[in-house]
Amino acid sequence: MADDMAPAGKRNPPWTRDELVLALDMYVRHGGKPLPPTHPEVRELSGWLAALAQGGGSATFRNANGVAMKLMNFRALDPAYVSSGGVGLSQTGRGDKAVWAEFAGRAQALAVEAGSIRSRSAPEAPGEPLIDYPAGLSAPEGKAEFRTHLVRERNATLVAKRKQMALAANGRLACEACDFDFAERYGERGLGFIEAHHVKPVHAMQAGEVTKVEDLALLCANCHRMVHSAKPWLTLAALSEIVRGKLKGVNDGTQAVV
């Protein structure tokens with residue numbers, strides 16, 4: 001089946017692994033529910049893939065109908081759907097099966113890989129939003145340094161690699177200070193999400209110094225804000241000590257939960 005419904009003789013090329021990962025990520029985030037071609041996310045992914053092809057296809061290249069049909073292909077591979085008596089579209093390809101097998105039961109890894117694909121394929125595309133720190137940090141003397149810090153923290157490819165390291169080591173993405181896990185708290189919506197913090201202050205870096213993946217710490221939004229809430233910024237060790245102290249106080253009854 002020409003899943004993009006291209007005219008005869010102009011059949012679109014097979015879906016690449018990267019394209020399939022992005023489609024499967026959408027399928028998983030929506031719990032395997034069918035999405036119509038008119039769905040905003042389907043249309044967004046269709047437009048993104050077409051732009052990525054840089055005119056390599058016709059107007060039918062990965063159009064909204066094709067993306068919606070690809071999601072239906074995944075249904076045929078989904079044990080949860082098949083076991084309930086569902087069938088889905090039967091003409092799944094080898095690529096569909098390979099990507100499904102690669103990420104079966106690994107929704108977090110899938111979400112991180114999808115983010116990595118977007119970042120390296122379209123560097124200018126928005127990734128995780130910049131953190132909206134308190135207005136007090138926008139004082140004139142700190143603007144250049146503060147902006148540089150945010151730009152460094154928004155290197156999406158580096159962030160994706162750091163997340164992949166955490167998943168390989170721990171099997172989850174949790175705040176390194178308080179252990180908050182977005183996926184555990186928010187379910188599918190939190191898959192693959194956590195913020196990255198540059199542990200070495202920008203003012204201590206030399207011009208042209210290269211940021212390494214080990215220079216990033218994974219923090220929840222609250223802990224990340226606390227690091228930057230006032231100068232001097234907290235080190236990860238200092239932040240962790242504060243969190244441990246508060247948790248100990250709550251557990252032994254010397255501090256109230258507010």
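This report describes salt bridges, a nonpolar core, a pair of strands and several single residues in a predicted model.

## Salt bridges

The model holds 10 salt bridges. Side chains of opposite charge can pair when their charged atoms come close. One of the pairs is Arg17 with Asp18, where the closest N and O atoms are 3.7 Å apart. Arg17 is partly exposed, with a relative accessible area of 34%, and Asp18 is also partly exposed, at 25%.

Another salt bridge links Glu176 and Arg162, with 2.8 Å between the closest N and O atoms. Glu176 sits in the loop between α8 and α9 while Arg162 belongs to helix α8, so this pair ties together parts that are 14 residues apart in sequence. Glu176 is partly exposed, with a relative accessible area of 33%. Arg162, in turn, is buried at 14%.

A further salt bridge joins Asp181 to Arg172, and here the closest N and O atoms are 3.3 Å apart. Arg172 is partly exposed, its relative accessible area being 26%. Elsewhere, Arg17, Asp18, Glu102 and Glu113 are joined into one network by salt bridges that share partners.

## Asp181 and its surroundings

Asp181 lies in the loop between α8 and α9. Its relative accessibility is 8%, a value under the 20% limit, so Asp181 counts as buried. Leaving aside residues up to four places away in sequence, Asp181 touches Gln108, Arg172 and Leu173.

The side chain of Asp181 takes part in two polar contacts described here. One, of 3.3 Å, is with the side chain of Arg172. The other reaches the backbone nitrogen of Glu184 at 3.1 Å. Asp181 is also 10 residues from Leu191 in sequence, and the C-alpha atoms of these two residues are 9.3 Å apart in space.

## A buried arginine without a salt bridge

Arg75 is part of helix α3, which covers residues 64–75. Arg75 is buried but has no salt bridge. Its nearest side chain of opposite charge is that of Asp78, 6.6 Å away. A salt bridge requires the atoms to be within 4 Å, so a distance of 6.6 Å does not qualify.

What lies 3.1 Å from a polar atom of the Arg75 side chain? It is the backbone oxygen of Gly32.

## Two residues with positive phi

Arg62 and Asp179 each have a positive phi although neither is glycine. For Arg62 the angle is near 45°. Arg62 is placed in the loop between α2 (residues 40–52) and α3, and counts as buried at 1% relative accessibility.

For Asp179, phi is near 70°. Asp179 is found in the loop between α8 (residues 156–170) and α9 (residues 182–186). Is Asp179 buried or partly exposed? With a relative accessible area of 45%, Asp179 is partly exposed.

## The nonpolar core

The largest nonpolar core has 46 residues, and Leu24, Phe74 and Cys223 touch the most other members. Helix α1 (residues 17–29) supplies the largest share of this core, seven residues.

Which residues does Phe74 touch, apart from those up to four places away in sequence? They are Leu20, Ala23, Leu24, Tyr27, Asp96 and Trp100. Leu24 therefore appears twice in this picture, as a contact of Phe74 and, with Phe74 and Cys223, among the core residues that touch the most other members, a core being defined by side-chain atoms within 4.5 Å.

## The strand pair

Strand β1 (residues 195–198) and strand β2 run antiparallel and are joined by four bridges. Within this pairing, Ala196 has Leu218 of β2 as its bridge partner.

In a regular strand the side chains alternate between the two faces of the sheet. Strand β2 spans residues 216–219, and both of its faces are covered. Leu216 and Leu218 are on one side, Ala217 and Leu219 are on the other, and all four are buried.

Definitions and conventions. Residues numbered from 1 in each chain as written. Predicted model: local features only at pLDDT ≥ 70, side-chain atom pairs only at ≥ 80, totals over all residues. Heavy atoms only, no water. Buried < 20%, exposed > 50% of the residue type's maximum accessible area, 1.4 Å probe, protein only. Lys, Arg positive; Asp, Glu negative; His and termini not counted. Polar contact = N/O pair within 3.5 Å; in protein donor to acceptor, adjacent residues only side chain to side chain. Contact = heavy atoms within 4.5 Å. Pairing = 2+ DSSP bridges.
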